[in-house]
Amino acid sequence: MAAGVEREPSLFCRENGVASEREWREKARTEGFTCTCMNIGLATWAETREGLEKIYENALSRGVRPPDRFNLIAERRMGLPKDQRAEAPQETGPVMMTSQDWWELAHTVPIQPEAADNTIGGPASVENAIDALQAGITTIGVLSQYSWRWPYFDDDVGQTVEVLKAAGLLAAFKDDGVIFDSYLEDGYPGVFHDYANYVGWAMVERYVSEELIGAALSPSWGGLTQDPVVKSAVTLALDAVNPDKVPLSYVQGDTIGNTPDFDANMAVLNTDVLFMKMVEHRYRLGGAPIAVPVTETERIPSWDEVATVQTISRRLEDYAPMVEPVVDWGKIEALRDELVQGGRRFFEAVINGLSGAGIDVRDPAQMLLVLKRLGSARCEELFGAGAPDPEYLRGRRPVLQTDLVKSTMQERERLLVELHERREQEAVRGTKVLVTSTDVHEFSAFLLTQTLAAVGADVIDFGINRDPEDIVKAVVETDADAVVITTHNGVARSFGQRLMEELGVAGVGGTPVFMGGVLNEDVEGSDVPIDVRADLNENGIETPGSIDRLVDALVDRRADSVVA
Amino acid sequence: VGVVALADFGSTYTKVSLVDPEEGRLLARAEAPTSIATDLMEGYAAALRDATESLAEPVEIERELAVSSAGGGLRVAAVGLVADLTAAAARQAALNAGARVEAVLAGTLDEAQLGELRAVRPEIVLFAGGTDGGQAELVLENARRLAAQGLGGYAVVACNAAVAEEAAEILREGGAEAEVAANVMPALGKLEIESAREAILRVFLEHVIGGKGLSASPAFAQMVRMPTPEAVLEATRLLSRGAETAPGIGDVMVIDIGGATTDVHSDRLVEAATPGIEDPLLPPPPTLRTVEGDLGLRAGSPGVLVADGRWIEAEAEASVDSIRQSVSKRSGQPQWIPEDPAEAKLDGLLAIGCAAHAVTRHCGTMLLTRGEKGPPTLVRDGPDLREVTRVLGTGGVFAHREDGERILREALARRAPRSLAPADPTLWVDASYILAAAGLLATHDAGAALRLLARELHLVKS
């Protein structure tokens, strides 16, 4: 297959006199300059191309070095074979429809593209890999996306085989500097609870890609981590388990510290990028930090919003060398070492666990497929680096909690301390409270079950992603004294309404219902979802607004029933 | 040689197998008409005599064991609160006890449901409802409504443990003999049917089988160990899990095509994890029996035409009228045997129809659902048996025909889209009709039963 691939250099490689982006990154490492990367994926390829031109010109006009690389954030149809792309439901984002599109991708401006989202991972992995290679792209992703599903493609075996063939193609060009990229958070690590397992997972992917298939692998990561110290340590740990020193393709900027307040997000941006630059300056990983536009949590950033943060990113390269010498890197390195040890434990547990179960761990297809089918939670429960501890969601005490888990656990501690101070440990003893979620968000449901249990409630944990009909069935069988629902998917009003109706029909209409989370819903005639708390209250659903006030409301309910 | 006699009291025939437990060898088989009008032991004696006389040397019968579906089998009604929670759990407990589930009632029992119950006259009511410490009021209300019927008979109470004794007492006051078992669904989504299953079997052996008036001889009730379908489920479990003496063969599905029903039994040792596919509210148990009362080769054959008529008509290359005639001939005569190639072919097609539909109903289906918001989700509505590696056919059709494997192959090839039926299993057939006998023998000597299965199903070279 590789023999039929006719490659030509990209505009960037030609202008910079390198054969591949890898060579450029290695040069950056030797010479000590820093690279930057950006994500771009406007509504169509035409708009994206125009955006690239404008960003490039904008940088030149401001006197900063243009970005070294952009990641093409193509929409999901790119994962489908070309002949199906036009007919598949359209989402927002560019799609490469023709070979002209592919050529333009690498020849519009001298910024090196990565063929990123939806290139490799889905059913069209092989043809996308060929197109990307022929266009002159030398970093191609995204291995971790093999865990994704494409609409109406539930043949996970066929999909895995496609990914492996595409990886084999990249392996054929390894000596030419072609790199297989994997953004960890697009795969199971994105929902892991322990950073040590991130590192271990990266080792598993590297083992499959480099040792079993022969393709150089770069683990990218970073979007779901806010703490700059932790982020530095994890980045260094990922480099430490990278024996061939493949340059880290990119480090994604923080996306969880941001809020709808764009000005406040400037602080997130500056701190995040400064630390990433310091790590690059000190350790020369050959990576490229991505500065995240401050608007990204609210909308797909426009080209000028990308250009703005690229300018900030370049300016911070001047500050990194000033601050870097006074940072206590010893602490960060100690954390790195702990993560590496934990990562090795995870990796060994995976290999031993799978081979013990009769899996051929020298067969990349078996490895990938089995891990995919085990699922993220199960992988962490089975192979996690942390010591077993039932206090934690995944049954193990993390070596280093992910930021998402950390903030959840901190909130849990705060609530427990507060409830303790208010002497409310026994406040609702014996009250049967059914807790569930309308969507896949597990952390809010976790906080609810933990804190309600701490105030003595008999918690009925009904899991996540439930329909009103399911909740009614559960209430009938358990005779729950109260139903507590967390929701984050913009369906609060219709969900609440249907729930109350169905409870009435089933003859358990008197059950108190509480809802929290994001209590809004899309309505016709409004661009943004509207607040529906008043509608919920009118329907008889209480909206206490916080877990503390939920506990108060449950205590009040109990007092009422005692009086009655 | 010490020999075990394994009897199967069916509604039409009483079958006897003589087995050498040491060798796991089937020595002889014989059958005689079930002597339902006089004494069941008469038919047994005739079959046993034929079997022993067919042997070259006299043998000593060291033990006599039996399964029975004579006199209507074991008829159970399942009662619960929510149809797909405690009522479904109760139903599954009864099925896994080898019962014929005559009615499944859910919710607060109304007059129509109680009328249905009176009409089916179950021998045992399996009474469920509520999680442990959960719903009490509606459960007790159902007990009172049942008691008011004065049904008599037997009840197994497997409801909310907090009120189980109280519910049993109410049922006793209504004239039933009630015993308490563990809750079939002690917590939401948690299916625990073993205790109820054992209680049903105990009541069957201690009271029901002796009370049917099938034999004047006390030996009959002493021989019977379980209802016939339970023996097939036991054998299924033995095949997959093995015994202390030898390992099993792993996940297995057994398709039992009978004259009146088609049963499917499956046993999974490990639940395949299917990330991204959500479980049903009440995940199915690892050992699962389903019964399709509308799919069979004789009394059940009109149901096959309803379910699968177009396919059968297309494949049979015969007129619709002649197929209807052939089927109605079958439905009235359980013992009828096809006389010509066209009828034999139709039997084969009916068997494929029975197996295809019974397997589809036994296994889950993957459904793509899209909520008002959020990504589409895949939900499964039953067990995921795609990776079951062995599928075994049992029943007369597999014992008497040469093309049993083809029947299974064609049936499985017709798996419905998105079905979670076995995707690529090894197929084999119970040509010596040994499965139920092996399940029965397992109650006495699991190692011997496993040896018998291994030899007769050619799991190992004999």
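Visitor: Before we look at anything, how should I read the word "partly exposed"?

Guide: Partly exposed sits between two cut-offs: buried means under 20% relative accessible area, and exposed means over 50%. Take Arg558(A), which has 30% relative accessibility and so counts as partly exposed. You'll find Arg558(A) in helix 20 of chain A, residues 547-563. Keep in mind that this is a predicted model.

Visitor: Since it's predicted, what scores does the predictor give the complex?

Guide: The complex gets an ipTM of 0.86 and a pTM of 0.73. As a general idea, where pLDDT is low, the predicted coordinates shouldn't be read in detail. For chain B, the average pLDDT is 92, and 95% of the residues score at least 70.

Visitor: Let's try empty space. How many cavities of 30 Å³ or more does a search of the whole structure find?

Guide: The general idea goes like this: rolling a probe the size of a water molecule over the atoms shows where empty space is left. Here, the search turns up seven cavities of that size. The largest cavity has a volume of about 100 Å³.

Visitor: And which residues line the largest cavity?

Guide: They come from chain B, and among them are Val125(B), Leu146(B), Ala147(B), Leu151(B), Tyr154(B), Ala155(B) and Leu171(B). Helix 4 (137-147) and strand 8 (154-157) of chain B are the elements that give two or more residues to that lining. Sort the lining by class and you get eight nonpolar residues, three polar ones and no charged ones.

Visitor: Leu171(B) caught my eye. How do I read the helix around there?

Guide: Start with the span. Helix 5 of chain B, residues 161-173, has 13 residues and reaches 19 Å from its first C-alpha to its last, close to the 18 Å expected at 1.5 Å a residue. Then look at burial: Val163(B), Ala164(B), Ala167(B), Ala168(B), Ile170(B) and Leu171(B) are the buried residues in helix 5 of chain B.

Visitor: Why do the buried residues of helix 5 of chain B line one face?

Guide: Look down the axis of helix 5 of chain B: its buried residues fall within an arc of 160°, so one face of the helix is lined by them.

Visitor: Now a strand residue. Is Val252(B) buried or exposed?

Guide: Val252(B) is buried, and its relative accessible area is 0%. It belongs to strand 13 of chain B, residues 252-257. Here's a nice exercise in sequence against space: Val252(B) and Val388(B) are 136 residues apart along the chain, yet their C-alpha atoms are separated by 5.8 Å.

Visitor: What does that exercise give for pairs in chain A?

Guide: Try Arg558(A) and Leu354(A), which are 204 residues apart along the chain, with 51 Å between their C-alpha atoms. Met278(A) and Gly17(A) are 261 residues apart in sequence and 27 Å apart in space, C-alpha to C-alpha. Met278(A) is in helix 10 of chain A, and at 0% relative accessibility Met278(A) counts as buried.

Visitor: What about a loop residue, say Ala288(A): where does it lie?

Guide: Ala288(A) is in the loop between helix 10 (262-283) and helix 11 (303-323) of chain A. Ala288(A) is buried too, with a relative accessible area of 0%. From Ala288(A) to Ala196(A), 92 residues apart along the chain, the C-alpha separation is 22 Å.

Visitor: Let's finish with the backbone. Which residues of chain A does a cis peptide bond join?

Guide: Gly141(A) and Val142(A) are joined that way, with omega at about 5°. Val142(A) has its place in the loop between strand 4 (139-141) and helix 7 (156-172) of chain A.

Visitor: And which residue has a positive phi of about 55° although it is not a glycine?

Guide: That's Asp479(A). Asp479(A) is in the loop between helix 17 (468-478) and strand 11 (482-487) of chain A, and at 30% relative accessibility Asp479(A) is partly exposed. In chain B, Arg418(B) has a positive phi of about 65°, again without being a glycine. Its loop runs between helix 13 (404-413) and strand 20 (426-429) of chain B. Arg418(B) has 30% relative accessibility, so it counts as partly exposed.

Definitions and conventions
Residues numbered from 1 in each chain as written. Chains lettered and ligands numbered in written order. Predicted model: local features only at pLDDT ≥ 70, side-chain atom pairs only at ≥ 80, totals over all residues. Heavy atoms only, no water. 1 Å grid on protein atoms, 1.4 Å probe; cavity = no way out; pocket = protein on both sides within 12 Å on 5 of 7 lines; lining within 4 Å. Points joined across faces, edges and corners; volume = space filled by probe spheres on them. Helix = DSSP H or I, 4+ residues; strand = E, 2+ residues; numbered from the N terminus. Nonpolar A, V, L, I, M, F, W, Y, C, P; charged D, E, K, R; others polar. pLDDT = per-residue confidence, 0-100. Expected span 1.5 Å × (residues − 1). Buried < 20%, exposed > 50% of the residue type's maximum accessible area, 1.4 Å probe, protein only. Arc of directions from axis to C-beta.
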